[in-house]
Structures are given as C-alpha cells and as structure tokens.
Amino acid sequence: MSRLGSVQRKVPCLFVTQVKEEPSAKRERQPFKVLATETINRKALDADIYNAIPTEKVDGTCCYVTTYKGQPYLWARLDRKPNKLSEKRFKRFLYSMEDSKEFIWNIEEDFRPVPECWIPAKEIQQSSGNPLPDENGHIPGWVPVEKNSKQYCWHSSVVNYEAEIALILKCHADDPGLLEISSVPLSDLLEQTLELIGTNINANPYGLGSKKHPVHLLVPHGAFEIKNPPMLKHSDILTWFESCREGKIEGIVWHCNDGHLIKLHRHHLGMCWPIPETYLNSQPVVIAVNRTKYDCDFEPKCLFNHFSKLDGQRFSRLKDIKFDV
C-alpha cells in the first residue's frame with residue numbers, strides 16, 4: 001500500500017489538543033506545550049480511525065522521491081517562508097484575530113526566494129495557480145538533492161544516481177522481527193515520502209554511526225506497522241508508551257482507508273523524547289547490499305561501498321553496525 005507522508009498534507013492529532021503555557025520555560029524557544037485531551041478528534045472519527053493501520057512515527061527529516069532531469073531523484077524538504085516584514089505583520093494579525101485563514105498574503109512579495117527547481121508539496125491549497133501558506137505562514141515544498149551537495153550532504157549519501165538506487169531501512173520481507181538495510185531502485189520509490197534518519201539528523205535518537213563514520217538511511221513512511229497497538233483511549237495509549245517494548249517510539253501515525261493520516265506524538269501526552277533505548281534499536285538487522293547487481297563502481301568512502309562489504313551479515317541492533325575502514 002502506498003503511503004504519503006506528513007509533509008504532503010496536514011496531519012491532525014488523534015486527540016483534540018489544547019495549548020498549555022509553561023511559565024518556567026521563558027527562556028526556551030517554545031514557552032508552551034500542545035497537549036492531548038481525552039477527546040478523539042472529529043477528523044479522526046470521520047476517517048474511520050478504528051479501522052486504520054497504526055505505524056511507527058520515525059524521527060528524522062522528511063524526503064520525497066519524484067522525477068528530475070528525466071530520472072528518479074531524492075528531494076529534500078524546504079519550506080518557503082515569509083520575509084521578516086511579512087512575518088511580523090502575520091504575527092501581529094494572529095495576536096489580534098487568532099485565525100490565520102483570514103490573513104491576506106501577497107505570494108510574490110511576502111516570501112523569501114527559493115531555488116528555481118523548488119516545487120510545492122502536493123495537496124496544499126492554491127489560489128490563481130499560486131500555492132497558499134499553511135496556518136504557520138509557510139509553504140511546504142521540496143528541492144532536488146544533487147550529487148555531492150554540501151547543503152544536503154547527508155541526503156546525498158543515501159542515493160546513487162548512477163545506479164539509480166537508495167539505501168533503505170525496512171522490515172525483512174520474510175521475518176517481521178528482523179530489520180533489513182538494502183539498496184532499492186529509486187524507481188520503486190517514485191511519488192513516495194520517506195524519513196531520513198542517522199548520525200547527523202535530529203540528534204540521532206537511534207544511535208546510528210559515529211562522528212567519524214556517519215551513517216544515514218531512508219525509511220519509507222508507514223514501513224513499520226505496529227503489531228500490538230493500544231486501544232484508542234488516552235490512558236491505554238499512555239500506558240503503552242510507558243511500559244510496552246513496542247511503545248518505545250517517537251509516536252504513532254495511523255493510515256486510514258480513505259488515505260487520511262492521523263498522528264500522535266509522545267509530546268502530546270507530556271512524555272519525553274528522545275529516550276535512551278528505542279524499539280527500533282532493539283531489533284536485529286541484516287545487510288542486503290550486493291554490489292555485483294550494479295554496473296557502476298561505488299566510491300570507496302560512500303555508504304553503498306561500506307554496506308556492500310557487510311552484505312549478508314547480521315547484527316543484533318542498528319547501533320552495533322561498524323565499518324571496517
């Protein structure tokens with residue numbers, strides 16, 4: 001089943017949320033918390049949440065695979081944001097009106113420039129052919145990741161455009177209790193969103209690689225289905241996150257039959273993330289990167305070359321993968 005990711009559309013929380021101010025957090029960037037109530041969101045009910053497929057919310061940065069220069073390409077998330085003057089005007093409006101939908105934007109003048117190759121994310125609202133900002137005043141979008149890109153070097157490390165492949169972390173096809181790192185044709189990932197995780201992404205909650213030998217991988221959205229999910233009650237979900245081995249994750253994304261996504265983050269329940277031992281890092285993993293399948297030579301220092309030397313090897317967890325370099 002093809003599952004589009006959260007940047008392609010706005011994903012509502014499972015529960016109705018409320019904003020709670022944190023007076024002691026004045027020096028923090030966000031002096032408030034968005035916390036879940038015990039009431040299930042009407043949008044979740046309308047999407048038939050009780051028959052949805054729960055999957056692990058993986059902590060990384062969102063990517064997208066689509067065509068560029070006539071071939072499948074990895075694209076990095078890049079939101080188009082308002083310039084300083086427009087942002088101040090927008091915030092003043094929010095403080096007085098509280099409804100961002102009523103604010104009138106001038107798309108051509110109010111926003112910072114983006115590269116010519118930038119494209120807006122799918123399913124965002126448009127007016128007269130122009131993409132409209134979301135409630136935060138941003139226009140979600142993408143830019144292609146070029147080979148040897150300095151700005152997106154960790155993104156480019158997981159793709160090889162000559163062989164047209166990507167490094168993917170997923171469940172093993174024949175053993176659901178086993179993870180697999182494999183090289184997958186980019187053409188198989190067309191129009192999918194994925195999460196880039198690894199050493200230099202979001203403080204590396206999964207302990208991948210090291211500063212000397214960074215490791216990054218792509219995880220297709222919806223790749224890790226939750227086999228024993230909690231009941232859709234606030235107390236049951238809280239207990240599941242706290243005491244269940246499978247609950248040692250950042251959050252849950254439910255994939256509904258009508259295509260809608262519903263999410264719940266640990267932070268919505270007032271819980272901490274990251275945590276010392278994650279569920280993703282408690283599972284064995286096998287390497288399946290066979291260099292003989294491709295008509296190109298991998299560069300000596302690239303991830304594809306390192307993983308190809310470990311082809312067929314099994315490790316007790318992701319943290320244990322070490323390159324002999």
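Of the 66 residues that form the largest nonpolar core, Leu169, Ile181, Phe307 and Ile321 touch the most other members. The model described here is a predicted one. Strand 11 (residues 165-171) supplies the largest share of this core, namely five residues. A second core, separate from this one, has 23 residues, among them Ile40, Ala52, Ile226 and Trp254. A general tendency may help the reader here: in soluble globular proteins, nonpolar side chains tend to be buried together.

Isoleucine 321 offers a view into the surroundings of the largest core. When neighbours within four places in sequence are left aside, isoleucine 321 is in contact with Ile181, Val285, Ile287, Phe307, Leu310 and Phe315.

Serine 182 comes next. This residue belongs to strand 12 (residues 179-185). Is serine 182 buried or exposed? Serine 182 counts as buried, because its relative accessibility is 4% and the term applies to values under 20%. The side chain of serine 182 makes a polar contact of 3.5 Å with the side chain of glutamate 180. Apart from neighbours within four places in sequence, serine 182 is in contact with Ala166, Leu167, Ile168, Lys170, Ala288 and Val289.

A helix shows how buried and exposed residues can be arranged around an axis. Helix 2 (residues 84-97) consists of 14 residues. From its first C-alpha to its last, helix 2 reaches 20 Å, close to the 20 Å expected at 1.5 Å a residue. Which residues of helix 2 are buried? They are Ser86, Phe90 and Phe93. These three residues lie on the same side of helix 2, because they cover an arc of only 60 degrees around the axis. The general geometry of helices is relevant: an α-helix has 3.6 residues a turn, so residues three or four places apart point the same way. The buried residues of helix 2 pack against helix 3 (107-110). On the other side of helix 2, the exposed residues are Lys84, Leu85, Lys88, Arg92, Tyr95 and Ser96.

Charged residues provide another set of links. Side chains of opposite charge can pair when their charged atoms come close. How many salt bridges does the structure hold? There are 12 salt bridges in the structure. In one of them, the side chain of glutamate 250 meets that of lysine 57, with an N to O distance of 3.2 Å. This pair links distant parts of the chain, since its two members are 193 residues apart. Glutamate 250 lies in the loop between helix 5 (234-243) and strand 15 (251-255), whereas lysine 57 belongs to strand 3 (residues 53-57). Glutamate 250 is buried, with a relative accessible area of 6%.

Another salt bridge joins glutamate 146 and lysine 69, whose closest N and O atoms are 3.3 Å apart. This pair also links distant parts of the chain, with the two positions 77 residues apart. Glutamate 146 is placed in the loop between strand 9 (141-144) and helix 4 (153-156), and lysine 69 in the loop between strand 4 (61-68) and strand 5 (71-77). Glutamate 146 is partly exposed, at a relative accessible area of 28%, while lysine 69 is exposed, at 58%.

A further salt bridge forms between aspartate 79 and arginine 77, where the closest N and O atoms are 2.5 Å apart. Aspartate 79 counts as buried at 14% relative accessibility, whereas arginine 77 is partly exposed, with a relative accessible area of 33%.

Salt bridges also link Glu277, Arg317, Lys319 and Asp320 in a network. Two members of this network, Arg317 and Lys319, appear among the residues touched by asparagine 281. Asparagine 281 is found in the loop between strand 16 (261-265) and strand 17 (285-288), and it is buried, with a relative accessible area of 3%. A polar atom of the side chain of asparagine 281 lies 3.1 Å from the backbone nitrogen of lysine 319. Residues up to four places away in sequence not being counted, asparagine 281 also touches Tyr206, Gly207 and Leu318.

Glycine 207 completes this part of the picture. Glycine 207 lies in the loop between strand 13 (193-198) and strand 14 (216-220) and counts as partly exposed, at 21% relative accessibility. Beyond residues up to four places away in sequence, glycine 207 touches Asn281 and Lys319. Glycine 207 and glutamate 277 are 70 residues apart along the chain, and their C-alpha atoms are separated by 9.4 Å.

Key: Residues are numbered from 1 along each chain as its sequence is written. This is a predicted model: local features need pLDDT of at least 70, side-chain atom pairs count only at pLDDT 80 or more; totals for chains, interfaces and linings use all residues. Side-chain values use heavy atoms; hydrogens and water are left out. Helices (H or I, at least four residues) and strands (E, at least two) are DSSP runs, numbered from the N terminus. Buried means under 20% relative accessible area, exposed over 50%, partly exposed in between (1.4 Å probe, protein chains only). A polar contact is a pair of N or O atoms within 3.5 Å; within protein, one must be able to donate a hydrogen and the other to accept it, and residues adjacent in sequence count only if both atoms are side-chain atoms. Contact means heavy atoms within 4.5 Å. A salt bridge is a side-chain nitrogen of Lys or Arg within 4 Å of a carboxyl oxygen of Asp or Glu. A nonpolar core is a set of buried Ala, Val, Leu, Ile, Met, Phe, Trp, Tyr and Cys residues joined through side-chain atoms within 4.5 Å. The expected span of a helix is 1.5 Å times one less than its number of residues. The arc is that of the directions from the helix axis to the C-beta atoms.
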